[in-house]
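Let's take a look at how helices pack and how charged side chains pair up. Keep the 3D view open while you read.

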Amino acid sequence: CTSGMIGGSPSGPWDRARPARFLWMPPPSEPTAAGLCRHNLETAKAIGRSDLAEVWRLLATICSADSHASEGLQARPFAKSLVRQIVHQLFRAHETLTVAMVGVVLICWASKTPCRDDDEML
């Protein structure tokens, strides 16, 4: 078991049993990166993964500040440092799927066009 925010909870069965609940693209009801984070936050809570819920809560907060989205994390050094720490902790905890999902969220957040779940994105 690793230390830190991510390592405190088991990650075994949920990986295979419930991956369909987590979304890779924003839901139609809230087609933003923050909306995607909020959906995944609720999913993590529902399966008892408070560690991942905290990750999604932090990312939702970062992505909700749309005023700097076009500049990405470069304009927000604290947010950049926080995202870096989150990704490192996820990586050390072998949360590979979540690392990939965080990358999708950041790409979606920084893009100038809304992220969509269509053939172009696959």
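## Salt bridges: what counts

A salt bridge here is a side-chain nitrogen of Lys or Arg within 4 Å of a carboxyl oxygen of Asp or Glu. Side chains of opposite charge can pair when their charged atoms come close. Keep in mind that you're looking at a predicted model. How many salt bridges does a search of the whole structure find? The search turns up five.

## Pairs along a helix

Start with helix 2, which covers residues 33-46. Glu42 and Lys45 pair up there in a salt bridge, at 3.7 Å from N to O. The two sit three residues apart in the helix, so about one helical turn separates Glu42 from Lys45. Glu42 is partly exposed, with 45% relative accessibility.

Now hop over to helix 3. Glu54 makes a salt bridge with Arg57, and their closest N and O atoms are 2.6 Å apart. Here again the spacing is three residues, about one turn of helix 3. Are these two buried or exposed? Both land in between: Glu54 is partly exposed at 27% relative accessible area, and Arg57 is partly exposed at 38%. There's also a network to find: Arg49, Asp51 and Glu95 are joined into one by salt bridges that share partners.

## One more pair

Glu30 and Arg38 bring their side chains together in a salt bridge too, with 2.2 Å from N to O. Glu30 is partly exposed, at a relative accessible area of 29%. Arg38 is partly exposed as well, at 32%.

## Two helices side by side

Two packed helices are described by the angle between their axes and the distance between the axes. Try that on helix 3 (residues 50-64) and helix 5 (residues 96-110): their axes come within 11 Å and cross at roughly 10°. Angles under 35 degrees count as roughly parallel, so helix 3 is roughly parallel to helix 5.

Which residues meet where these helices touch? From helix 3 come Leu52, Val55, Trp56, Leu59, Ile62 and Cys63. Their partners in helix 5 are Thr98, Met101, Val102, Val105 and Trp109. Sort the contact by class and you get 10 nonpolar residues, one polar and no charged ones. Thr counts as polar, so the polar one is Thr98.

Note on methods:
Residues numbered from 1 in each chain as written. Predicted model: local features only at pLDDT ≥ 70, side-chain atom pairs only at ≥ 80, totals over all residues. Heavy atoms only, no water. Axes fitted to C-alpha atoms, helices over the stretch in contact; angles between N-to-C directions. Helix = DSSP H or I, 4+ residues; strand = E, 2+ residues; numbered from the N terminus. Parallel < 35°, antiparallel > 145°, perpendicular 65-115°, else oblique. Contact = heavy atoms within 4.5 Å. Buried < 20%, exposed > 50% of the residue type's maximum accessible area, 1.4 Å probe, protein only.
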